[in-house]
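The following exercises are to be worked with the sequence and the three-dimensional model at hand. Each task is followed by a solution in steps.

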Amino acid sequence: MTIERGVRLLAGSFVLISLALGAPGSPLFHDANWLWFTAFVGANLLQSSLTGFCPPVTILRKLGVRAGAL
């Protein structure tokens, strides 16, 4: 796995899990406040696209995940 794929995997997983926990129609519904986590992930993706800084990239590098070939 590359860092780029890892970031997409983390972001997608966080969004789906928080939607499952926060959407009232979900069988896993816990509390609507989980939708704030979905907004947080989206805001981080937006700021990452504008600034180039992405905290999960730093974490994945420290875990030894390789960078993708460009």
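**Exercise 1. The loop residue W34**

Locate W34 relative to the helices, classify its exposure and list its contacts beyond its sequence neighbours.

Solution. W34 belongs to the loop that joins α1 and α2. The model is a predicted one. The relative accessibility of W34 is 34%. Buried requires under 20% and exposed requires over 50%, so W34 counts as partly exposed. When neighbours within four places in sequence are left aside, W34 is in contact with S18, L21 and G22. As a further distance, W34 and P55 are separated by 21 residues in sequence and by 21 Å in space, C-alpha to C-alpha.

**Exercise 2. The length and faces of α1**

Determine whether the span of α1 agrees with its number of residues, and assign its buried and exposed residues to sides of the helix.

Solution. Helix α1 comprises residues 3-22, that is, 20 residues. At 1.5 Å a residue the span should be 28 Å, and the end C-alpha atoms are indeed 28 Å apart, which agrees. The buried residues of α1 are I3, G6, V7, A11, S18 and G22. These residues cover an arc of only 130° around the axis, and therefore lie on the same side of α1. R5, R8 and L16 are exposed on the other side of α1. The cover over the buried residues of α1 includes α2 (35-51) and α3 (55-62).

**Exercise 3. The packing of α1 against α2**

Describe the relative orientation of α1 and α2, the hand of their crossing and the residues that make the contact.

Solution. The axes of α1 and α2 are 7 Å apart, and the two helices pack at an angle of about 155°. Angles over 145 degrees count as roughly antiparallel, and α1 and α2 are therefore roughly antiparallel to each other. Their crossing is left-handed. On the α1 side the contact is made by A11, F14, V15, S18, L19 and G22, and on the α2 side by L35, F37, T38, V41 and L45.

**Exercise 4. The packing of α1 against α3**

Carry out the corresponding analysis for α1 and α3.

Solution. Here the packing angle is about 125° and the axes are 10 Å apart. The helices α1 and α3 are therefore oblique to each other. The crossing in which α1 passes α3 is right-handed. I3, G6, V7 and L10 of α1 make the contact with P56, V57, L60 and R61 of α3.

**Exercise 5. V7 in helix α1**

State whether V7 is buried or exposed, and identify its contacts beyond its sequence neighbours.

Solution. V7 is placed in helix α1. Its relative accessible area is 16%. Buried means under 20%, so V7 is buried. With neighbours within four places in sequence set aside, V7 is in contact with C54, P56, V57 and L60. V7 and L46 are 39 residues apart in sequence, and their C-alpha atoms are 13 Å apart in space.

**Exercise 6. The span and faces of α2**

Compare the span of α2 with the expected value, and describe its buried and exposed residues.

Solution. Helix α2 has 17 residues and extends 24 Å from its first C-alpha to its last, close to the 24 Å expected at 1.5 Å a residue. Its buried residues are T38, V41 and S48. Seen down the axis of α2, these fall within an arc of 90°, so they line one face of the helix. W36, L46, L50 and T51 are exposed on the face turned away from the buried side. What covers the buried residues of α2 includes α1. Just after α2, G52 has a positive phi of about 85°.

**Exercise 7. T2 before the first helix**

Place T2 in the chain, classify its exposure and list its contacts.

Solution. T2 is found in the segment before α1. T2 counts as buried because its relative accessibility is 12%. Apart from neighbours within four places in sequence, T2 is in contact with V65, R66, A67 and G68.

Notes
Residues are numbered from 1 along each chain as its sequence is written. This is a predicted model: local features need pLDDT of at least 70, side-chain atom pairs count only at pLDDT 80 or more; totals for chains, interfaces and linings use all residues. Side-chain values use heavy atoms; hydrogens and water are left out. Helices (H or I, at least four residues) and strands (E, at least two) are DSSP runs, numbered from the N terminus. The expected span of a helix is 1.5 Å times one less than its number of residues. Buried means under 20% relative accessible area, exposed over 50%, partly exposed in between (1.4 Å probe, protein chains only). The arc is that of the directions from the helix axis to the C-beta atoms. Contact means heavy atoms within 4.5 Å. Axes are lines fitted to C-alpha atoms, for helices over the stretch in contact, and angles run from 0 to 180 degrees between N-to-C directions. Angles under 35 degrees count as roughly parallel, over 145 as roughly antiparallel, 65 to 115 as roughly perpendicular and the rest as oblique. A crossing is left-handed if the near helix is turned anticlockwise from the far one by less than a right angle, and right-handed if clockwise.
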